[in-house]
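Here are a few exercises to help you find your way around a structure that may be new to you. Try each task by yourself, then follow the solution step by step.

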Amino acid sequence: MTQTRFAGTDRYVATPDLMMAVNAAVTLARPLLIKGEPGTGKTQLAEEIASALQRPLFEWHIKSTSKAQHGLYEYDAVSRLRDSQLGEAKVHDIRNYIVKGRLWEAFESEVQPVLLIDEIDKADIEFPNDLLRELDRMEFYVHETRELIRARHRPIILITSNNEKELPDAFLRRCFFHYIRFPDAETMERIVRVHYPDLKKELLAEALTTFFNVRETPGLKKKPSTSELLDWIKLLLAEDIPPEALRGDDPKKTIPVLHGALLKNEQDVHLFEQLVFLNRRAGR
Amino acid sequence: MLVRFFTDLRAGGVPVTLPEFLSLLEGLEARLAALSPEDFYYLARLALVKDERHFDRFDRVFAEHFAGAEKVFERITAELPPEWLQQLAERLFSEEEKRQVASLGGWHQLLETLRQRLREQQGRHEGGNKWIGTAGTSPFGNRGFNPEGVRIGPSAARHGRAVKVWEAREYRNLDATRELGTRNIKMALRRLRRFAREGAPEELDLDGTISSTARNAGILDIRMQAERRNAVKLLLLLDVGGSMDPHVQVCEELFSAARSEFRHLEYFYFHNFPYEKLWKDNRRRFSEITDTTTLLRTFNADYRVVFVGDATMSPYEIEQPGGSVEHWNDEAGSVWMRRIAAHFPRLVWLNPEPEEHWKWTPSIGLTRELIGDRMFPLTLDGLDRAMSELKRRGVSKTQEQK
């Protein structure tokens, strides 16, 4: 145990409420459910916790076809069938055909690991319910070999959700819940500083103003988020754009350079260009 | 100690359960939130609230409950440092005024009054008014004291910010009882989704084949299953024009959200109330029309029908033949509505008007009567109720009614 409190890392800015959430989840060994706008660093949080606390990280990415069983273990009946027809010796031990899932691996870890269950809302609606006992007691039963697998150390479990499905109440009751709010201008400046420490001050100020202006455009399908801002700044740096280029007479009258990095949706780009066009005409 | 807070939360509409409350106490015992109201607020929210839609309600209850309790934290942390007061005085008061202050009962007295004043200001602010100067009523106001410009020493400044965290009510937009945005609507319509396997078994069930082959000692045993498809069929009937104009935006959001959710989704428009004609394209509403009888014939009873409209009109438009504001209708709207309701057993009406206004509009009462009181407000909460209503009525009941 090197460090027990999480306070953000040199690559990740954590707000006080997020720090509290992580530390409470670690101390009380409760799974932490993270929600928030896409691109606010939900998935990255697990990596940062693992590196800050120096724990191994196990990632379990959920797809629409994922079953809770996949995280525990799978019985590879096809190989066993093939082996039996080839007359292999190992076919007699069913253990050879049990494939461990991410949860099992995390349970076996020598030190307390961090387990990320990413985008749990992608899975079937019953998925979280099937994991209740496993997350509560940190143990499960392997029917094929009749053994009970119990976690050596209760893993620090992080669960992310994009709100595509409602999660069952019984599941929510067992978790701590944190909603990552979209960062305010001040936090945003810190985040950008962390990623691009030698960014010129004027460029950053201009970029942030433009960014928040774009976010305020009414009717956007997908508002640009933190990760889009970082990409955009990377582009601005690579193209060596001077801060003056971002500063029109009126931010509403000029299309920001390289806006493709901020707006990811054809309709949004159209809408934005239209608004700019209208504003320009009205200004004349 | 916090039991009253717990019951207040439940009364305030935050669904808190006992295990969650116990885990908050556990967290307090583990000293996760020591001596700072901010930390306590974060910890309590983390442990007790499991949905961002409830954040706003939680904030409100929290602010109300701990309005007086901040003092406890003040006492625990530290008394306001005297240097702060000195500094504040330097900044705010002239020499002469300082002498006057001394005559008021000294610095300690001043501090108390100031605290009280600040608290009052917050109270009023919370009530929705702008921060106001207290000129003429206090030893501060008449000397140009501006509460907004004052920063109270380290501990209290933090306290001030903490209060703001839950008084800012940043999560108001996520509250379920608010009107709908696209995201909320999507969430609620998903409730309608029901995956069901129906139709002929035409897909290879790989897992089933493997396990049954393995069980069959290696002799191939192929299993088939039906394709998985969304079985929910939806018929949307939207009110356009007239009194619905302010709600068109909301309706369109509902409509666009709905479109991606269902395999079978049909939509028709009507104006104010459904009569013998409906139309699909609002621009060509007079040329391309669909007879309501055709609608009843084409769509069978397992379609779920959702009306969206404010049902706000003159009662004549519902009850009288020829009552329509646009054309002569031979049969009254209520006759058509009864026909539709009889044909589609699973039917709801979503009304964008706030629920508490309904009883003041006679036409809303009439409509509710016609559809068997299945009108719900166009909020997330109302949608939830509407969707469970749609689910509740089984097909078996359809046959009974016929």
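## Exercise 1: two helices that cross

H1(B) and H4(B) cross in a right-handed way, where right-handed means that the near helix is turned clockwise from the far one by less than a right angle, and left-handed that it is turned anticlockwise. Before you start, note that this is a predicted model, in which local features need pLDDT of at least 70 and side-chain atom pairs count only at pLDDT 80 or more, while totals for chains, interfaces and linings use all residues. Residues are numbered from 1 along each chain as its sequence is written, and chains are lettered from A and ligands numbered from 1 in the order in which they are written.

Task: find the angle between H1(B) and H4(B), and list the residues that make the contact.

Solution.
- Step 1: locate helix H1 (residues 3–11) and helix H4 (residues 55–65) of chain B; helices (H or I, at least four residues) and strands (E, at least two) are DSSP runs, numbered from the N terminus.
- Step 2: their axes come within 10 Å and cross at roughly 140°, with axes fitted to C-alpha atoms over the stretch in contact and angles running from 0 to 180 degrees between N-to-C directions.
- Step 3: this makes H1(B) oblique to H4(B), since angles under 35 degrees count as roughly parallel, over 145 as roughly antiparallel, 65 to 115 as roughly perpendicular and the rest as oblique.
- Step 4: B:Phe5, B:Asp8 and B:Leu9 of H1(B) meet B:Phe58, B:Val61 and B:His65 of H4(B); contact means C-beta atoms, placed from the backbone, within 7 Å.

## Exercise 2: a sheet in chain A

Task: give the strand order of the open sheet and name its edge strands.

Solution.
- Step 1: the five strands run in the order E2-E5-E8-E1-E9 (chain A), with parallel pairing; two strands pair if DSSP finds at least two bridges between them.
- Step 2: strand E2 (57–61) and E9 of chain A are the edges, each pairing on one side only.
- Step 3: from one strand to the next, the twist averages 20°.
- Step 4: E2(A) pairs with strand E5 (residues 114–118) of chain A over five bridges, and A:His61 has A:Asp118 as its bridge partner in E5(A).

## Exercise 3: where the chains meet

Task: how many residues are in contact, and which element of chain A gives the largest share?

Solution.
- Step 1: 24 residues of chain A are in contact with 25 residues of chain B.
- Step 2: H1(A) gives the largest share of chain A's side, eight residues.

Note on methods. Two residues are in contact if their C-beta atoms, placed from the backbone, lie within 7 Å.
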